[in-house]
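Please read the points below with the structure open beside you. They take up salt bridges and then one pair of packed helices.

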Amino acid sequence: SEETTTGVNRLYQMLENNELLVPAINVNDSVTKSKFDNLYGCRESLADGIKRATDVMIAGKVVVVCGYGDVGKGCAKSMRSYGARVIVTEIDPICALQAAMEGFEVKTVEDTLDEGNIYVTATGNRDVITAEHMQKMKDQSIVCNIGHFDNEIQVDRLNDLKGIKKINIKPQVDKYIFPDGHSIFLLAEGRLVNLGCATGHPSFVMSNSFSNQTLAQIELWKNKYKTGVYRLPKDLDEEVARLHLDQLGVKLTILSEEQAEYINVPLKGPYKPDHYRY
């Protein structure tokens, strides 16, 4: 079972290329993972990582969030809650429209270089922030990644730039001084800032993810799946959420038999079809 966006993408690639040898469950796209770990986890752990690394005041800064998937959504809302003005970059017109209708500016990275103070990559892709971008950033801009491996930011090319000077401020915080005198701060060497500079997501939201993993393993053990990539059944997805409600003092409304029949759902769930988008 796999719970990262990148890992799941690799599983589907392996399946398409006939390289997958065993059945696998895509835990990442369980609602109780992607809409909680990715969104609410990053909403808290991004700020934790930036604060621990830099002690910077976020209020009043311009924060550029690259990518507006579930991770980017959590990051953008987090930074706005601290009083930052947030700019989003996106390739997907649907995500871009979502960002715009949430009140965020949507631009390209190139169009933000004269105003951005903090850059956060959350795309799962490579070369999102290039060495050329960093050469043109404002003095003392902070650059970090929360989406993928360290190749979201061109760290290798940055280190190889002619005339660049690297100063280690403290573990996981490096200052790069360019030949023209301006500098940037790179956090966690371009790796995941919430892990490199902090301790990752809070344990409660991770409990959602690990519950999914556990149920997926049990599902694979109990049932014979053919080689392929599967989603966790909806009733188990709902069960993960149900298991966490008491801790938050949540009391569910119970459907009557007439109500369940009226909307054509089982009395005890699942309550939404697989295609429903939460």
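1. The predicted model contains 12 salt bridges. Three of the pairs are taken up in the points that follow, each with the exposure of both partners.

2. Asp48 is paired with Arg52, and their closest N and O atoms lie 2.9 Å apart. Both residues sit in helix α2 (residues 31-54), four residues apart, which means that about one helical turn separates them. Asp48 is partly exposed, with a relative accessibility of 25%. Arg52 is also partly exposed, at 44%.

3. Arg242 and Glu239 form a salt bridge with a distance of 3.6 Å between the closest N and O atoms. The two residues are three apart in helix α9 (residues 234-245), so they too are separated by about one helical turn. The relative accessibility of Arg242 is 35%, which makes this residue partly exposed. Glu239, at 30%, is likewise partly exposed.

4. Some salt bridges share partners, and in this way Arg85, Glu105, Lys107 and Glu115 belong to one network. Within this group, Glu115 bridges to Lys107, the closest N and O atoms being 2.7 Å apart. Is Glu115 buried or exposed? Its relative accessible area is 17%, and residues under 20% count as buried, so Glu115 is buried. Lys107, its partner, has a relative accessibility of 28% and counts as partly exposed.

5. The next topic is helix packing. Two packed helices are described by the angle between their axes and by the distance between those axes. For α2 and helix α3 (residues 70-81), the axes come within 7 Å and cross at roughly 45 degrees. The term for this arrangement is oblique, because the angle falls neither under 35 degrees nor in the range of 65 to 115, and is not over 145. The crossing of α2 past α3 is right-handed.

6. Which residues make this contact? On the α2 side they are Ser34, Lys35, Asn38, Leu39, Cys42, Arg43, Leu46, Ala47 and Ile50. On the α3 side they are Asp70, Val71, Lys73, Gly74, Cys75, Ser78 and Met79. Sorted by class, the contact of α2 with α3 consists of eight nonpolar, four polar and four charged residues. Among the nonpolar ones are Leu39 and Val71, and among the charged ones are Lys35 and Asp70.

7. To return to α2, this helix appears in two of the points above. Asp48 and Arg52 form a salt bridge within α2, and α2 also crosses α3 at roughly 45 degrees.

Note on methods
Residues numbered from 1 in each chain as written. Predicted model: local features only at pLDDT ≥ 70, side-chain atom pairs only at ≥ 80, totals over all residues. Heavy atoms only, no water. Salt bridge = Lys/Arg side-chain N within 4 Å of Asp/Glu carboxyl O. Buried < 20%, exposed > 50% of the residue type's maximum accessible area, 1.4 Å probe, protein only. Axes fitted to C-alpha atoms, helices over the stretch in contact; angles between N-to-C directions. Left-handed = near helix turned anticlockwise from the far one by under 90°. Contact = heavy atoms within 4.5 Å.
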